[in-house]
Amino acid sequence: MQSLEAELEEARQLAIDDLADAIESIGFECTRCGACCKGEAEDDHTATVFPDEVRDLEESESHDGDYDWRDVARPMPYGLSETEEGGLEGETFEWALQTDDCGDCTFYEEDESGTGACSAHDDRPLICRTYPFSVALAGTSQPMGEAVDEAGVVRAHECEGLGRDISRDDAEELARALKERAVRELEEAIAVRDEYAPADPGPGEVVVHDSEGAKRIDGTPLEE
């Protein structure tokens, strides 16, 4: 297995034209079904978000900049233990977009016809901008849904919009975002590894390790 640094260099060398070719060959058009914004069965929606993306969403003009960290993000639940009271405790290594009482992304909305929309569309994170695609490099995250198609290093995950015609301009825009996401995910993974120090959280306490260090659930540094 290659080191994260080697995977990062490979991600930086990805050619936009090649990624766009792959996306075109698979085909995609968003149908605004909202499936990628909703939880599945008993599992809440889990979309990885970077620390700077959380801050961008906090300040989003879509919500008049009046969100705080916990309105936007929550600790990724994987690796955490459930307490007797039904809460979570332990250490985790990513932030996920916050969810509502139904387990859907907190920014997901539907109009009267059931058509889905993102209430922070202009500030949505890279994982949302690139769904249903991912890059097959170790150290990059895979979104919800099994990979159902692939072309080169591009994987396509379950989505009813796959197989539809996509313009070259849209394919290239998606390709640029997909490359940026792959690079950012690997940079984040390397920084988390390098910054990590065991935090020994107490009962009922959650610590999130991200590229900026250990944090409490409100996004503040643990050492403060």
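## A guided tour, starting at helix H3

Start by selecting helix H3, residues 51–58, where Pro51, Glu53, Val54, Leu57 and Glu58 are buried (under 20% relative accessible area, with exposed meaning over 50% and partly exposed in between, for a 1.4 Å probe and protein chains only). These residues cover an arc of only 160 degrees around the axis, so they sit on the same side of H3; the arc is taken from the directions from the helix axis to the C-beta atoms. Helices (H or I, at least four residues) and strands (E, at least two) are DSSP runs, numbered from the N terminus.

A word on what is on your screen: this is a predicted model, in which local features need pLDDT of at least 70 and side-chain atom pairs count only at pLDDT 80 or more, while totals for chains, interfaces and linings use all residues. Residues are numbered from 1 along each chain as its sequence is written, and side-chain values use heavy atoms, with hydrogens and water left out.

**Next stop: helix H1.** Select residues 4–12 and pick out the buried Glu7, Leu8 and Ala11. They cover an arc of only 105 degrees around the axis, which puts them on the same side of H1. Now add helix H6 (168–195), which is included in what covers the buried residues of H1.

**The cores.** Ala11 comes up again in the largest nonpolar core, which has 25 residues; Ala11, Ile23, Ile26, Phe133 and Val154 have the most contacts inside it. Such a core is a set of buried Ala, Val, Leu, Ile, Met, Phe, Trp, Tyr and Cys residues joined through side-chain atoms within 4.5 Å. H1, helix H2 (16–26), strand S8 (133–135), strand S10 (154–157) and H6 each give two or more residues to this core, and H6 gives the most, with eight. Apart from this core lies another, of 17 residues, with Ala47, Val72, Leu80 and Phe107 among them.

Which residues should you show around isoleucine 26? Leaving aside neighbours within four places in sequence, isoleucine 26 is in contact (heavy atoms within 4.5 Å) with Phe133, Asp149, Glu150, Ala151, Val154, Ala156, Leu162 and Gly163.

**The largest pocket.** The space in this pocket is about 1100 Å³. On a 1 Å grid over the protein atoms alone, a pocket is an open set of points with protein on both sides within 12 Å along at least five of seven lines, a cavity is a set where a 1.4 Å probe fits but cannot get out, and lining residues have an atom within 4 Å of a point. To centre your view, select Cys30, Cys36, Arg124, Cys128 and Tyr131, the closest to the pocket's centre of its 43 lining residues. H6 gives the most to this lining, with four residues.

**The largest cavity.** Its volume is about 40 Å³, and volumes are the space filled by probe spheres set on grid points joined across faces, edges and corners. Thr48, Val49, Phe50, Glu53, Leu126, Ile127, Arg181 and Glu185 line it.

**Backbone stops.** Most residues other than glycine have a negative phi, and most peptide bonds are trans. Select tyrosine 131 and proline 132: the peptide bond between them is cis, with omega near 15 degrees. Arginine 32, in the loop between H2 and strand S1, has a positive phi near 60 degrees and is partly exposed, with a relative accessible area of 44%. Finish at aspartate 200, which has a positive phi of about 50 degrees and counts as exposed, at 69% relative accessibility.
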